[in-house]
Amino acid sequence: MKGVGLKLAAIVGLLALTACGETTGDRGLSGAGIGAAGGAVIGAMVGDPLAGAAIGAGVGAATGALTTPSQVDLGKPIWER
């Protein structure tokens, strides 16, 4: 049960960071990257990092693309500074 709480906290933290950027494309791209990295880490803990990365990338990209800058605004992405 302890592992479930850690995983849930990691997922919530990753979702909070997935929408970095000002445009839909920026948020989708950065969300996919952050989600893939987080998903790979969580997937590695349960034995399947590739599946975790794929799921994380999908969730991160969708979350980033479906949010607006006013909902989650962490500033300009690093590649536009």
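This passage walks through a predicted model of a protein, from its overall make-up down to single residues.

Starting with the big picture, the protein has 81 residues, and buried ones make up 25% of them. The secondary structure is simple to list: three helices and zero strands. Read from the N terminus, the order of elements is α-α-α. The accessible surface adds up to about 4,800 Å², and carbon and sulfur atoms account for 74% of that area. As for how the chain meets itself, take the contacts between residues at least 6 apart in sequence: 60% of these join residues at least 24 apart.

How much confidence does the predictor place in the protein? The average pLDDT is 78, and 69% of the residues score at least 70. That confidence is not spread evenly over the elements. Helix 1, covering residues 2–17, has the lowest mean pLDDT, at 64, while helix 3, covering residues 49–66, has the highest, at 89. Where pLDDT is low, the predicted coordinates should not be read in detail. The rest of this passage therefore turns to helix 2, helix 3 and what comes after helix 3.

Helix 2 spans residues 24–46. With its 23 residues, helix 2 reaches 32 Å from first C-alpha to last, close to the 33 Å expected at 1.5 Å a residue. Quite a few of its residues are tucked away: the buried ones are Asp-26, Arg-27, Gly-28, Ser-30, Gly-31, Gly-35, Gly-38, Gly-39, Ile-42 and Gly-43. An α-helix has 3.6 residues a turn, so residues three or four places apart point the same way. Several of the buried glycines follow such a spacing, including Gly-28, Gly-31, Gly-35 and Gly-38. Just past the end of helix 2, Gly-47 takes a positive phi of about 105°.

Is Leu-29, also in helix 2, buried or exposed? Leu-29 counts as exposed because its relative accessibility is 55%, and the cut-off for exposed is over 50%. Leu-29 also takes part in a nonpolar surface patch of about 370 Å², together with Ile-78 and Trp-79.

Helix 3 offers three residues worth a look, beginning with Gly-64. Gly-64 is buried because its relative accessible area is 0%, and anything under 20% falls in that class. In space, Gly-64 sits 5.1 Å from Gly-31, C-alpha to C-alpha, although the two are 33 residues apart in sequence. Gly-31, for its part, is one of the buried residues of helix 2.

Thr-63 is found in helix 3 too, but with a relative accessible area of 24% it is partly exposed. The C-alpha of Thr-63 lies 9.5 Å from that of Gly-35, and 28 residues separate the pair in sequence.

Ala-61, likewise in helix 3, is partly exposed, also with a relative accessible area of 24%. Which residues does Ala-61 touch, once neighbours within four places in sequence are left aside? Its contacts are Gly-28, Gly-31 and Ala-32. Two of these, Gly-28 and Gly-31, are among the buried residues of helix 2. Ala-61 can also be placed against Gly-25: the two C-alphas are 9.1 Å apart in space, with their positions 36 residues apart in sequence.

The last stop is Pro-69, in the segment after helix 3. At 31% relative accessibility, Pro-69 counts as partly exposed. Setting aside neighbours within four places in sequence, Pro-69 is in contact with Glu-22 and Arg-27. Of these partners, Arg-27 is a buried residue of helix 2. Pro-69 and Thr-23 are 46 residues apart along the chain, yet their C-alphas are 7.4 Å apart in space.

Technical notes:
Residues numbered from 1 in each chain as written. Predicted model: local features only at pLDDT ≥ 70, side-chain atom pairs only at ≥ 80, totals over all residues. Heavy atoms only, no water. Patch = residues over 30% accessible without salt bridge, like charges linked within 9 Å, V, L, I, M, F, W, Y side chains within 5 Å. Areas by Shrake-Rupley, 256 points an atom, 1.4 Å probe, with all protein chains shown as cover. Salt bridge = Lys/Arg side-chain N within 4 Å of Asp/Glu carboxyl O. Helix = DSSP H or I, 4+ residues; strand = E, 2+ residues; numbered from the N terminus. Buried < 20%, exposed > 50% of the residue type's maximum accessible area, 1.4 Å probe, protein only. Expected span 1.5 Å × (residues − 1). pLDDT = per-residue confidence, 0-100. Contact = heavy atoms within 4.5 Å.
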